[in-house]
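Trainee: I am new to this structure and would be grateful for a close look at a single part of it. Please begin with how two of the helices meet, and then follow the chain from there to the bonds between cysteines.

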Amino acid sequence: MSLAFFMRFISVASALSICLIILILWPQDKEYVQVNPISEACSFVSHHIFLDDELVRPWHKRCAEIAQQNLNLDLSYQRQQFRLHLSGLNVSHLDLFEPQEVKNIWSENKKSTGILAEFIDGQLIVVEVMPGSSAVKSEVKTGDQILSINQEAPSPHLAQEISGEYIFDRKGQKLTLQIEVSELVVNEKWQVSKISDKTAHLKIPSFRANYFSKEDLVEMSNQLKSYKKIILDLRKNQGGNFVSGLRLLSVFFCGPQSLGYLIRPKFPNLPKVNMPDDLNDENQLDLMNKSYYMNLQSFSNYPCLTQSLSLLVDHETASTSEMVAQALKDYRGARIFGNPSGGKLLVGVWYPMERLGTGVKISVPEAVYQTKRGRQIENNGVHLDEVLDYRREDFEKGVDTWLKNVLSKF
């Protein structure tokens with residue numbers, strides 16, 4: 001055996017020994033996890049969400065497992081699985097959104113049949129037909145019962161979003177109509193209408209910032225000041241800008257009134273601040289990201305309305321609109337009628353998730369709202385004074401049952 005061959009043999013044996021030692025010393029109880037966009041998203045949610053770590057830890061572990069199991073599958077499928085797993089935390093304002101969904105949420109252009117329907121005594125009844133929609137062109141009327149959609153059982157969601165053959169019952173007569181989903185410009189600005197010489201109906205479909213400038217609130221006040229009673233309608237209002245809600249409350253409180261707090265439990269070392277009178281969403285979120293606790297109160301220098309108030313809410317009333325409703329009950333003695341509200345009053349912060357796909361975004365609830373009196377609206381909703389039921393025969397006559405009921409009790 002030559003000296004060169006012997007030295008080469010020693011080098012190879014040494015290298016194998018080192019590899020063997022590494023394998024022996026490598027921790028056997030730790031599973032190697034390849035980092036991928038979904039597992040990163042799991043960690044992101046766990047870090048930012050307001051829930052206690054003890055509650056989130058099992059969810060995070062399972063989330064990472066799902067990410068590994070689906071690692072080699074199509075990214076769109078991985079997003080679907082991640083989105084399903086998000087629902088396991090059972091909190092509002094936590095969801096992953098595809099690019100088109102993001103566009104739809106932040107735009108007043110909606111794709112819809114124009115049919116708004118509710119189950120009344122087990123029957124799906126049309127309660128509103130949106131202007132300019134396919135439903136209007138097909139002469140759908142309030143009070144019509146939807147028997148089927150494309151020969152399938154109907155639901156309120158399907159009635160808004162599915163094109164096809166609709167079979168209706170109209171006072172005992174069956175009608176078959178073709179309804180198409182089309183793009184609608186939905187007007188979400190507040191509206192004042194006269195119910196009687198003494199009572200006005202103030203409908204607020206949304207708390208979008210662009211409808212709550214100081215000029216808007218002066219205009220609203222001028223339209224309402226001649227009435228003695230106001231029915232504030234927050235049905236189907238899913239929230240919006242917090243400052244928009246505070247500005248509306250400023251009109252009815254006629255000055256500053258502390259209402260409650262936004263608390264970020266995971267960041268107790270950050271400062272406490274007051275929510276400024278600034279409608280800019282980005283400024284609000286930037287300030288929130290720098291604070292642990294944000295005090296919410298109404299503002300000075302707005303018009304003042306002192307009329308008696310009653311409120312209408314339903315299962316779609318959520319977020320900022322729930323804050324407004326509960327505050328008016330607590331500090332203005334307003335009575336609240338309707339159905340239990342959504343119980344969805346957390347602050348969801350939106351983040352781009354480009355590694356999950358171009359234009360994909362996630363909303364993560366980082367703060368919980370608590371009233372000054374210690375009540376949490378999340379999962380509880382606002383405190384109702386009376387539950388109301390709709391009547392089909394009223395809608396067949398073009399009459400809103402709930403408005404009629406509240407007017408009789410006002």
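Mentor: In this predicted model, the axes of helix H9, residues 242-253, and helix H11, residues 320-332, come within 9 Å of each other and cross at roughly 20 degrees. Angles under 35 degrees count as roughly parallel, and H9 and H11 are therefore described as roughly parallel to each other. Their crossing is right-handed.

The contact can be followed residue by residue. H9 contributes Phe242, Gly245, Leu246, Leu248, Leu249, Phe252 and Phe253, while H11 contributes Thr320, Met323, Val324, Ala327, Leu328, Tyr331 and Arg332. Of the residues in this contact, 11 are nonpolar, 2 are polar and 1 is charged.

The loop between H9 and strand E12 (258-263) holds Cys254, and this cysteine leads to the second topic. Cys254 forms a disulfide with Cys304, with the two sulfur atoms 1.9 Å apart. A disulfide is a covalent bond between the sulfur atoms of two cysteines. Cys304 is found in the loop between strand E14 (293-297) and strand E15 (308-313), so the bond links distant parts of the chain, 50 residues apart. The torsion about the S-S bond of Cys254 and Cys304 is about 85 degrees, so this disulfide is right-handed. As for exposure, Cys254 has a relative accessible area of 34% and is therefore partly exposed. Cys304, at 44% relative accessibility, also counts as partly exposed.

A search of the whole structure finds 2 disulfides, and the pair not yet described joins Cys42 to Cys63, with an S to S distance of 1.9 Å. Here the torsion about the S-S bond is about -70 degrees, so the disulfide of Cys42 and Cys63 is left-handed. Cys42 belongs to helix H2 (residues 37-48) and Cys63 to helix H3 (residues 53-69), so this pair ties together parts that are 21 residues apart in sequence. Both Cys42 and Cys63 are buried, whereas Cys254 is partly exposed, as is Cys304.

Finally, the two bonds may be placed in the order of the chain. When the bonded cysteines are numbered along the sequence, the pairing reads 1-2, 3-4.

How values were computed: Residues numbered from 1 in each chain as written. Predicted model: local features only at pLDDT ≥ 70, side-chain atom pairs only at ≥ 80, totals over all residues. Heavy atoms only, no water. Axes fitted to C-alpha atoms, helices over the stretch in contact; angles between N-to-C directions. Helix = DSSP H or I, 4+ residues; strand = E, 2+ residues; numbered from the N terminus. Parallel < 35°, antiparallel > 145°, perpendicular 65-115°, else oblique. Left-handed = near helix turned anticlockwise from the far one by under 90°. Contact = heavy atoms within 4.5 Å. Nonpolar A, V, L, I, M, F, W, Y, C, P; charged D, E, K, R; others polar. Disulfide = S-S within 2.5 Å. Buried < 20%, exposed > 50% of the residue type's maximum accessible area, 1.4 Å probe, protein only.
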